[in-house]
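Welcome! Please take a look at the sequence and the 3D view below, then follow the briefing to see how a few of the helices sit together.

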Amino acid sequence: MPRGGARNRSGPQPDPRSGRTDRRGLAFVQLPAEGYSGPVPDFPLSRPKAREKQLWAKVWTYPQAAQWAREPWRHETIAMYVRWKVRAEQPNAAAADAAASHRFADQIGLTPAGLRENGWEIAVDEVAAARTQREPAQGDTSAPPQRRLRPVSGGGS
């Protein structure tokens, strides 16, 4: 029976904002905050149900899908996540179904722990964030009106 040694999830996960991670030279892959808009591969498992096809198409819009598209060896694991997630949605689902779905979600980077485990982080869209801070929604009266100051004319002429 193996003893000791590093194991998956033993110790703290790397933190992309820590000095130690910088010193170790770890760089996290930036995933697009807006999600993935590329082609969706065919569902690789046999006899997919309609709900599986629907969820398969949905997960391929997530930011993680930008990396999955580069790693086709993950497609069966993603499909297994979809299959177990659909199974866990059923009214008669067992707790083990939800647990299996969660384990697959970790493996494919759909949870915060899974993102770190895979060395990924979702990029912050700073431009969009700044835009939403500056532009109040149409019809929003909670923001005070913007006022412009008149230029001060020079001296007393």
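Two helices count as roughly antiparallel when the angle between them is over 145 degrees. Keep that cut-off in mind as you explore this predicted model. Our tour starts with helix H4, residues 75-89, and then visits the helices that pack against H4.

**Helix H4 itself**
- H4 has 15 residues, which at 1.5 Å a residue should span 21 Å. Its end C-alpha atoms are 21 Å apart, so the expected span and the model agree.
- Which residues of H4 are buried? They are His75, Ile78, Ala79, Tyr81, Val82, Trp84 and Val86.
- The cover over these buried residues includes helix H2 (50-59), helix H3 (65-68) and H5.

**H4 with H5**
- The axes of H4 and H5 come within 8 Å and cross at roughly 150°.
- Because that angle is over 145 degrees, H4 and H5 are roughly antiparallel to each other.
- The crossing of these two helices is left-handed.
- On the H4 side, the contact is made by Thr77, Met80, Tyr81, Trp84, Lys85, Arg87 and Ala88. H5 brings Asp97, Ala98, Ala100, Ser101, Phe104, Ala105 and Gln107.
- Sorted by class, this contact has eight nonpolar, three polar and three charged residues.

**Two residues of H5**
- Asp97 lies in helix H5, which covers residues 95-107.
- Is Asp97 buried or exposed? Its relative accessibility is 10%, so Asp97 counts as buried.
- Setting aside neighbours within four places in sequence, Asp97 is in contact with Trp84, Arg87 and Ala88.
- Ala99 is also found in H5, and at 32% relative accessibility Ala99 counts as partly exposed.
- Ala99 and Ala88 are 11 residues apart along the chain, and their C-alpha atoms are separated by 8.6 Å.

**H4 with H2**
- H2 and H4 pack at an angle of about 125°, with their axes 9 Å apart. That angle makes H2 oblique to H4.
- H2 passes H4 in a right-handed crossing.
- From H2, the contact uses Arg51, Glu52, Leu55, Trp56 and Val59. From H4, it uses His75, Ile78, Ala79, Tyr81, Val82, Arg83, Lys85, Val86 and Glu89.
- By class, the contact of H2 with H4 has eight nonpolar, one polar and five charged residues.

Terms used:
Residues numbered from 1 in each chain as written. Predicted model: local features only at pLDDT ≥ 70, side-chain atom pairs only at ≥ 80, totals over all residues. Heavy atoms only, no water. Helix = DSSP H or I, 4+ residues; strand = E, 2+ residues; numbered from the N terminus. Buried < 20%, exposed > 50% of the residue type's maximum accessible area, 1.4 Å probe, protein only. Contact = heavy atoms within 4.5 Å. Axes fitted to C-alpha atoms, helices over the stretch in contact; angles between N-to-C directions. Parallel < 35°, antiparallel > 145°, perpendicular 65-115°, else oblique. Left-handed = near helix turned anticlockwise from the far one by under 90°. Nonpolar A, V, L, I, M, F, W, Y, C, P; charged D, E, K, R; others polar. Expected span 1.5 Å × (residues − 1).
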